[in-house]
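Load the model in your viewer and keep a selection prompt at hand. The stops below go from the whole chain to single side chains.

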Amino acid sequence: MNKAVKWILVIAGSLVALIVIAVIVLPMVIDVEKYKPQIEQQVAKATGRTFKLGGDLQPSLFPWIGVRLSDLHLGNPSGFKEKDFVSVESFEVRVKLLPLLSRNIEVKRFVVNKPVIVLEKRKDGKGGWEGLGQSTEKPAVTAKEKSAPSSTGELPIKGLLVGEFAITNGLIVWLDQAAGVRKEVKDIDLVLTDISFDKPIGVAFSALADQKPLKLDGTIGPVGAQPGKSPFPVELALKLLNELDVTLSGRIDPSAAPIKFDFAVNVADFSPRKIMDQLGQKLPVEPADPKVLNAVAVSLKLKGTPENIVVSDGKLKLDDSQATFSAQASEFDKPNLKADLNLDSIDLDRYLPPPTKDKAGTDSADKPAADPAAKKTDYTPLRRLVMDARFKAGELKVQKARMQNLEIRVSARNGVFQLDPLKIDLYQGNLAGTGTLNVQKDKPTTAMELALKGIQAGPLIKDVMAKELIEGAMAAEIGLNFTGDAPDLIRQTLGGKGDLRFTDGAIVGIDLASMVRNVQTAVGLAQQPSEKPRTDFAELQLPFAITSGLFKTDATRLVSPLLRVLVTGKADLAKETLDFRVEPKFVGTIQGQGDTAKRTGIQVPVMVAGSFASPTFTPDLKAMLNQQLNQPLDKEALKKMVPSKEETNKMMQEGVKGLLKGFGNQ
């Protein structure tokens, strides 16, 4: 028995000795260089690209099985300026031999030094990365492979331990031959530490993107004894340009189908202006206030799957404004979007570009833009879109108008967008409205309903237009609809009706009482008053209807203790022509307006014609002469009181156009 044991030990020892001698001696006596052509051929076959091993093969077998390669080159397809798609100066991997017998992997080193990846795009749009791995030969499937049992999804290893994992001095180059653009991400370093199943894996990444620093640090895992079978934590911190700090904390569950994630994301205070300066770029839109976009911060929770992303508990700081938000995105082929934003207050005028002045000193932004033959708009993406977005703001300022308690909801489905509700408090009153945009056809259709109540017109117009034009409490019921997205087509198809009312106010800049009493005073022949002319009224009402771009009013009226004015007529919005009759009815006294003097004079109906740009004003002399005069006038007196048609038209233009400028210059 003892002899048998002795012989067994001798044989076992001899075998071990032979194995040790073999793994030490074999690399010395076997010429591995002769296998390089075969390796190059197999890689080229698998990738469909040329492959070259320029350096020596340096294998090892014990105690670490491994290999060291140098000067590797994977080529680009023909037709590209850059010869190599990927090149590596050196690559080394060493794995401990004996633990492999028990399905444990212990890696001493995995180091890639100076890898270079060139992403080249030709002028015809084809990229050098396209077709990678598409071999010209398709391997035949053997009967054994067909009958092999399917994988259970369990990893073929029990344990993993990596001592050193590093990619150093990497370079990624982007070349766009059509645009003549070259971008580089260089000095790429990636180091993973404590790589195992039961410990957090340390991640350290750094690079220079066009000479701008990028850094990522953190931990991933532990991933568990069976990676992919249970959730694992992730803690990462990203730093960009030494200005932007982003932290991500949460977990990933790869066992779910589809994979699930749950993160808390925090973006610390940063300045978009400084980031753009470091990138050597200008802001897409230069705001009117150079002090804005200097303090932005964001925090949120991000949860879901690659197919359904939910954002909750969002907080946004934008300079002096604070907001909360939430969102959801799914069905990305449509997509299906939901969003909710609640803002405390914001002055949008600070963020909008400043108005530019033309040579005449007017705001060029207010002039109608040229309307060249525009490319037809493709509404296909909007027809697929599903959306439900809500926005609320406590205070908002835009175009100098101040608003409070703003509430908007926009929904979309099957190419129909609904605005409901639209609610705004402004200038002691409120505005409510609804709207619809239908893009199911090539020419969109739009309809909207607006209701205004108790809005003080004077302060509103003064803030927005810096003019004093009309005062009083404004109310309105307006319904409009039109077809198309080009200004000309909108004007041609505009339709609807409405009723605009002002109460207890005044028209500032024109004295209608004097205009209808006495043409000389109205057109400026008489001595002008020192105070700004105005027409007080108890009510100004403008009912209207619009059909195919033709605006018509039959009963626009102004009521005051001094006079009554009736306006009838039409305006062609497409042709921009006017055809109105202003018919006054004078009241003899203005009792109740602080003046008890008797008022006498000729009441002059006025015909308004011409175009929007050059209106003409002609007194209706026939109607004037048919009036019953309180006192007789001789012909000479009448001549002095009533100028010629040409003089009247010229001076009426100057007087009334002065009022209209208040609208045109804004």
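The tour covers the chain as a whole, then two helices, then a set of salt bridges.

This is a predicted model, in which local features need pLDDT of at least 70, side-chain atom pairs count only at pLDDT 80 or more, and totals for chains, interfaces and linings use all residues. Residues are numbered from 1 along each chain as its sequence is written, and side-chain values use heavy atoms, with hydrogens and water left out.

**Whole chain**

Select the protein chain and colour by secondary structure. The chain has twelve helices and 30 strands; helices (H or I, at least four residues) and strands (E, at least two) are DSSP runs, numbered from the N terminus. Switch to a surface: about 39900 Å² is accessible, and carbon and sulfur atoms hold 58% of that. Such areas come from the Shrake-Rupley method with a 1.4 Å probe, and for residues only the protein chains shown count as cover. Of the 666 residues, 32% are buried. Buried means under 20% relative accessible area, exposed over 50%, and partly exposed in between (1.4 Å probe, protein chains only). Among contacts (heavy atoms within 4.5 Å) with a separation of 6 or more, 50% come from residues 24 or more positions apart.

**Helix α2**

Select residues 36–47. This helix, α2, has twelve residues and spans 16 Å from its first C-alpha to its last, close to the 16 Å expected at 1.5 Å a residue. The expected span is 1.5 Å times one less than the number of residues. Show the side chains of Lys36, Glu40 and Thr47, which are buried. These residues lie on the same side of α2 because they cover an arc of only 45° around the axis; the arc is that of the directions from the helix axis to the C-beta atoms. Step on to Gly48, just after α2, where phi is positive at about 75°.

**Helix α6**

Select residues 457–465, which form α6; Ala457, Gly458, Leu460, Ile461 and Met465 are buried there. Their arc around the axis is only 165°, so they too sit on the same side of α6. The helix is followed by Ala466, with a positive phi near 55°.

**Arg122 and its partner**

Which loop holds Arg122? Arg122 is in the loop between β5 (104–121) and α3 (143–147). Leaving out residues up to four places away in sequence, Arg122 touches Ser78, Gly79, Phe80 and Gln177. Now add Asp124: its side chain forms a salt bridge with that of Arg122, 2.8 Å from N to O. A salt bridge is a side-chain nitrogen of Lys or Arg within 4 Å of a carboxyl oxygen of Asp or Glu. Are the two partners buried or exposed? Arg122 counts as buried because its relative accessibility is 18%, while Asp124, at 54%, counts as exposed.

**Other salt bridges**

The model has 25 salt bridges in total. Select Lys301 and Asp313, whose closest N and O atoms are 3.4 Å apart in a salt bridge. This pair links distant parts of the chain, with Lys301 in strand β14 (residues 296–305) and Asp313 in strand β15 (residues 308–318), twelve residues apart. Lys301 is partly exposed, at 42% relative accessibility.

Next select Arg501 and Asp499, a salt bridge with its closest N and O atoms 3.3 Å apart. Arg501 is partly exposed, with a relative accessible area of 25%. For the last stop, select Glu92, Arg94, Arg109 and Glu164, which salt bridges with shared partners join into one network.
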